[in-house]
Every structure is written in structure tokens, then in C-alpha cells.
Number of protein chains: 2
Amino acid sequence: MVEKVIGSQLLQSTPREVRSSIYKINPIILNRWSPRSMTDEKLSYEELMSLFEAARWAPSSANSQPWRFIYATRDTEEWNTLFNLLVEGNKRWAKNAAVLIVVVSKKEFEYKGKVTPSVTHQFDTGAAWENLALEASSRGLYSLTLIR
Amino acid sequence: MVEKVIGSQLLQSTPREVRSSIYKINPIILNRWSPRSMTDEKLSYEELMSLFEAARWAPSSANSQPWRFIYATRDTEEWNTLFNLLVEGNKRWAKNAAVLIVVVSKKEFEYKGKVTPSVTHQFDTGAAWENLALEASSRGLYSLTLIR
């Protein structure tokens, strides 16, 4: 599975959605959302590493951690490589992003010395991605997932 | 995809793991963990609904929300039905749980009136589950995922 995802800062003036939940939930979960536009503000290296650190703490089958993240920050050669993987219609959402991240999951895992197909690699990777998105949200950063 | 999952309260006397992250992350992400034993304390209906509410706010492809949760609380007939779906080796972890939850994802979704296979149903459902697990964790509740 390959996903293209983008984490970036939201335009300060963009109005926040007014959200209310039926049952009380933690505000960091309620306030995570996927904006359609991004500013071109940069992320610091520390900030970016905190996002991946959050992903790393997600649960996974037999703690296999099947997620891998390929990223490129703006104004690098690699950014263009990832940007050009996006379908045309999605490029406009991504062009001002601070970072592009490709989320990949490993289809097999080694358990007790034996390589077996993982039935949960996508599920586990979705959980890791959500940790990343929530960590971003709790820092006032926003993320948008674009499917290839 | 079908997963058996359990949310329940952790034995108060169970020592917490001492966790530290390399890069700073939100404590609710760092402190979520999967205990191996559960107390038999009950969850209130409101509390349980807050867990599902958290799941509901997860992002998904075209906002398709492909996750479905089948749950049973302890001391109900339905609890036995879900409990008996567990493989023998996992029953000991689940027997004192307050609630058993089966996580299911929908493999197809309707987009612009057309039913199409979803390539991200497991990924999206993993994200929803992680929201549920983090909401639980932020309430001092703990969850454990058992694969069928």
C-alpha cells in the first residue's frame, strides 16, 4: 500500500471548523482535521522528527511496526520527486506543503524466526499515521492524506 | 478484515512502563499501551460511547468511514458470543475485559454514486481504532488488540 500524505501548517487566517461531539472526547482528537490548503511555512527538523516519533509509538501486531515513511521537505530535490508522484488533481493541494510523506507498509513480518504474511499491516500503519496526524494537530500543524 | 479487540480498565496496582521518547510528543500518545491483564471493572455507557465517538472523528478516504464496531459488555449474552470467537490462547487476556469489540472494515465504498473497491479501508480503520485507543488511554482505560 502506498499513500501520499502531506503535513503542513494551516494558513493562520483560515477559519476553523466549529466542531462538537455528541459524547465528550479529547480535544486533540476532535480538533484534527484535513485542510484543503497549506501555507508555505517550514517545519523544523525537531518538529518533523516528533511527528515520526509519535507514529513510532502506535501499537502493531506482534510489535512488527510495519510502517515506513519516505519524506521530503520543500526546496529539496527529493521534494520534486515525491510531488511528481501525485496525480495532477492533487498537486494543487500539495504545492505549498512543508513536507510530503509517502506512507508505505510492509506486507510480511518475521515472527519467531519465520516470515509470514501480515494481515494487519495496513491497519497498523493507519494507526501509526493517525498518531502522526494527532501529534501534528496538537502542535497546530495540519495534515492531508491523498491517495495515489 | 476482522480484529478482536478489548478495552478495559487496567489493574490499579499494575506498574506503568517507564517510557521516554527521543523527540517530544504528546503524553496521550506516549502513554497509550497494551496491557496483558485487565480488571473486571465495568465501563459506563457514556464512557463507551465516548470511545466510539473518538473513532468516528478519524479521517478516511473520501470520508467513507469504513469502520464498524461490534461490541459486547461483560455479563451479557452477547459477550459470550464474542468471547468464543477468540482463539483459546487469547481468552485468558480477554476474560476480565469490560468490553469486547470486533473491528470490521468495509471493502467497498460509494463515491459519486458508484460502488468502488476501497484501497484504504484497513488503513482508515486502523486510524479510527487508534483514536479509540487514545481516547481510552486519556481516560485511564487500556486496550489490547488480539488478532483472530
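This is a short talk on the contact between chains A and B, the nonpolar cores, and a few single residues in chain A.

One thing up front. This is a predicted model.

Let's start with the interface. On the chain B side, 42 residues are in contact with chain A, and on the chain A side 42 residues are involved. Together the two chains bury about 3,500 Å². Carbon and sulfur atoms account for 63% of that. Which three residues supply the most on chain B? They are B:Tyr23, B:Trp57 and B:Phe123. They give 24% of the area that chain B buries against chain A, and no other three residues give more.

Now the polar side of that interface. The rule finds 16 residue pairs in polar contact across it, both partners at pLDDT 80 or more. Salt bridges? How many does the rule find between chain B and chain A? Zero.

Where does the chain B surface come from? Three elements give two or more residues each: α1 (27-30), α2 (45-56) and α5 (121-138) of chain B. The largest share is from α5(B), with 11 residues. Sort the chain B side by class and you get 20 nonpolar, 12 polar and 10 charged residues.

Next, the cores. The largest nonpolar core has 22 residues. The members that touch the most other members are A:Leu43, A:Leu48, A:Leu51, A:Phe52, A:Phe69, A:Ile101 and A:Leu132. Two helices and two strands of chain A give two or more residues to this core: α2 (45-56) and α5 (121-138), plus β2 (67-73) and β3 (99-105). Helix α5(A) gives the most, six residues.

Take A:Phe52 as a way in. Leave out residues up to four places away in sequence, and A:Phe52 touches A:Phe69, A:Tyr71, A:Ile101 and A:Leu132. There is also a second, separate core, of 21 residues. Among its members are B:Leu48, B:Trp67, B:Ile101 and B:Val103.

Now some single residues. First, a lysine. A:Lys91 is in helix α4, residues 88-94 of chain A. Buried or exposed? Its relative accessible area is 14%, and buried means under 20%, so A:Lys91 is buried. What does A:Lys91 contact, beyond its neighbours within four places in sequence? The answer is A:Phe83, A:Asn84 and A:Leu86.

Next, the loop between α2 and β2 of chain A. A:Ser60 is found there. At 16% relative accessible area, A:Ser60 is buried. Its side chain has a polar atom 2.8 Å from the backbone nitrogen of A:Gln65. Setting aside residues up to four places away, A:Ser60 touches A:Gln65, A:Pro66, A:Trp67 and A:Asp124.

A:Ala62 sits in the loop between α2 and β2 as well. Its phi is near 50°, a positive value in a residue other than glycine. Why does A:Ala62 count as partly exposed? Because its relative accessibility is 48%, and partly exposed lies between 20% and 50%.

Last one: A:Asp75. Look in the loop between β2 and α3 (77-83) of chain A. A:Asp75 is not a glycine, yet phi is positive, about 65°. Relative accessibility is 60%, over the 50% cut-off, so A:Asp75 counts as exposed.

To recap the interface: about 3,500 Å² buried between chain B and chain A, 16 residue pairs in polar contact, and zero salt bridges by the rule.

How values were computed
Residues are numbered from 1 along each chain as its sequence is written. Chains are lettered from A and ligands numbered from 1 in the order in which they are written. This is a predicted model: local features need pLDDT of at least 70, side-chain atom pairs count only at pLDDT 80 or more; totals for chains, interfaces and linings use all residues. Side-chain values use heavy atoms; hydrogens and water are left out. Contact means heavy atoms within 4.5 Å. Buried area is the accessible area (1.4 Å probe) that two parts lose on being put together, summed over both. A salt bridge is a side-chain nitrogen of Lys or Arg within 4 Å of a carboxyl oxygen of Asp or Glu. A polar contact is a pair of N or O atoms within 3.5 Å; within protein, one must be able to donate a hydrogen and the other to accept it, and residues adjacent in sequence count only if both atoms are side-chain atoms. Helices (H or I, at least four residues) and strands (E, at least two) are DSSP runs, numbered from the N terminus. Ala, Val, Leu, Ile, Met, Phe, Trp, Tyr, Cys and Pro count as nonpolar, Asp, Glu, Lys and Arg as charged, and the others, Gly among them, as polar. A nonpolar core is a set of buried Ala, Val, Leu, Ile, Met, Phe, Trp, Tyr and Cys residues joined through side-chain atoms within 4.5 Å. Buried means under 20% relative accessible area, exposed over 50%, partly exposed in between (1.4 Å probe, protein chains only).
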